[in-house]
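Please look over the model below before reading my notes. They concern the annotated positions and a few others.

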Amino acid sequence: MSRTSRTPRTLRRRTALLAVPAAALLALIPSTASAYPNPGTVTGAITIHDPTMIRTSAGRYLLYGTGGGLGYRTSTDRTAFTAGSDAFSTKPGWWSSYATEAWAPDISYQGGKYLMYYAVSTFGSNKSAIGLATSSTGLPGSWTDQGTVYTSTTSSDYNAIDPNLFVDSDGKWWLSFGSWWTGLKMIQINPATGKQLSTNTTRYSIASRPTGTKAVEAPYIVKRNGYYYLFASYDTCCAGTSSTYKVKVGRATSVTGPYVDKNGVSMMNNGGTPVLESHGRYIGPGGQSIMNDSDGDLIVYHYYDGNDNGTPKLGINLLNWSSGWPVAY
């Protein structure tokens with residue numbers, strides 16, 4: 001979710017004018033509505049922000065997101081979702097030093113237990129903390145608070161929110177995070193504790209927008225076909241039908257970067273190849289996470305429904321990697 005108030009920017013699309021007949025030109029230039037796929041069909045309790053989802057060994061989907069705290073949804077078929085209690089039945093006491101609510105969770109299953117990283121902050125502030133909780137079941141009320149993982153203050157040039165845990169094939173753990181300010185960051189995590197590795201305290205920078213708006217947040221990293229892919233949300237969230245959120249991606253040969261887009265532009269210099277943008281009723285897609293399921297990779301995100309007064313809703317699409325870049329369909 002965006003953490004500061006900015007005037008939403010008009011969505012810009014770039015087209016190339018070719019010296020071809022008008023009919024052929026129209027065929028070459030996709031309309032806004034056809035450039036990106038509609039979300040797959042989901043029903044039930046689908047009002048959510050910043051969704052993160054996992055499939056248990058029993059086949060049940062557990063989804064957490066921002067909404068009334070760390071809101072919970074579940075499904076047995078990835079279509080019909082029902083709501084449950086918030087992750088925490090009692091809020092950890094340390095939250096009060098930063099805020100009273102948490103947001104942007106990240107759920108994964110590592111070493112026989114569920115881990116959930118999440119942010120505690122207030123809108124527009126970088127006095128923030130990333131927390132960690134663990135559970136043997138992943139269900140609401142089962143989470144054990146493990147305290148803070150990383151923090152930022154009003155004097156920091158970064159914002160410790162929107163965490164995402166990435167576990168590499170070599171067994172090393174990395175946590176990416178960030179929003180606005182100087183962009184997206186990464187630290188190395190000790191697998192034994194889930195906290196920062198004491199022998200590597202470097203805070204890496206992996207994406208930023210040094211000119212113009214600072215609006216980049218919600219990193220999510222996956223490794224496919226020898227490349228690390230960094231997904232991020234750009235521009236303005238949380239403004240209903242005025243939201244300009246969109247999802248972009250870059251890739252690198254090292255987990256710490258440098259990440260570049262399809263045109264070779266660094267994500268440290270406003271780069272990013274579009275994955276999802278507003279189209280039709282589906283406004284401001286973002287707050288994304290990536291999940292591998294039995295039928296392929298999914299991008300799980302929220303959007304604002306232009307046909308329902310801008311209500312934030314769950315979106316799910318499959319990703320095709322055949323071009324070397326993720327394409328939603």
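The points below take the residues one by one.

1. Basis. The model is predicted, with local features requiring pLDDT of at least 70 and side-chain atom pairs counted only at pLDDT 80 or more, while totals for chains, interfaces and linings use all residues. Residues are numbered from 1 along each chain as its sequence is written, and side-chain values use heavy atoms, with hydrogens and water left out.

2. Annotated site. UniProt, in an unreviewed entry, lists Asp50 and Glu217 under "active site". The positions follow the numbering used here, the feature name is shortened, and such annotations may be inferred rather than shown by experiment. The two span 168 residues in sequence, yet their C-alpha atoms are no more than 11.2 Å apart, so they gather at one spot. Of these residues, Asp50 is included in the lining of the largest cavity. A cavity here is a set of points, on a 1 Å grid over the protein atoms alone, where a 1.4 Å probe fits but cannot get out; lining residues have an atom within 4 Å of a point.

3. Aspartate 50. This residue belongs to strand β2, residues 49-55 (strands are DSSP runs of E, at least two residues, numbered from the N terminus). Its relative accessible area is 4%, so it is buried (under 20% relative accessible area, 1.4 Å probe, protein chains only). Its side chain makes a polar contact of 2.7 Å with that of threonine 66 (a pair of N or O atoms within 3.5 Å; within protein, one must be able to donate a hydrogen and the other to accept it, and residues adjacent in sequence count only if both atoms are side-chain atoms).

4. Glutamate 217. Strand β14, residues 216-224, holds this residue. Glutamate 217 is buried, at a relative accessible area of 0%. The side chain of serine 179 is its polar partner, at 2.7 Å.

5. Glutamate 277. This residue sits in the loop between β17 (273-276) and β18 (282-293). With 6% relative accessibility, glutamate 277 counts as buried. A polar contact of 3.4 Å links its side chain to that of tyrosine 36.

6. Lysine 248. Where in the fold is lysine 248 found? It is in strand β16, residues 246-252, and counts as buried at 15% relative accessibility. Its C-alpha atom is separated by 5.6 Å from that of alanine 232, 16 residues apart along the chain. Beyond neighbours within four places in sequence, lysine 248 is in contact with residues including Leu230, Phe231, Tyr234 and Pro274 (heavy atoms within 4.5 Å).

Conventions. 1 Å grid on protein atoms, 1.4 Å probe; cavity = no way out; pocket = protein on both sides within 12 Å on 5 of 7 lines; lining within 4 Å. Helix = DSSP H or I, 4+ residues; strand = E, 2+ residues; numbered from the N terminus. Buried < 20%, exposed > 50% of the residue type's maximum accessible area, 1.4 Å probe, protein only.
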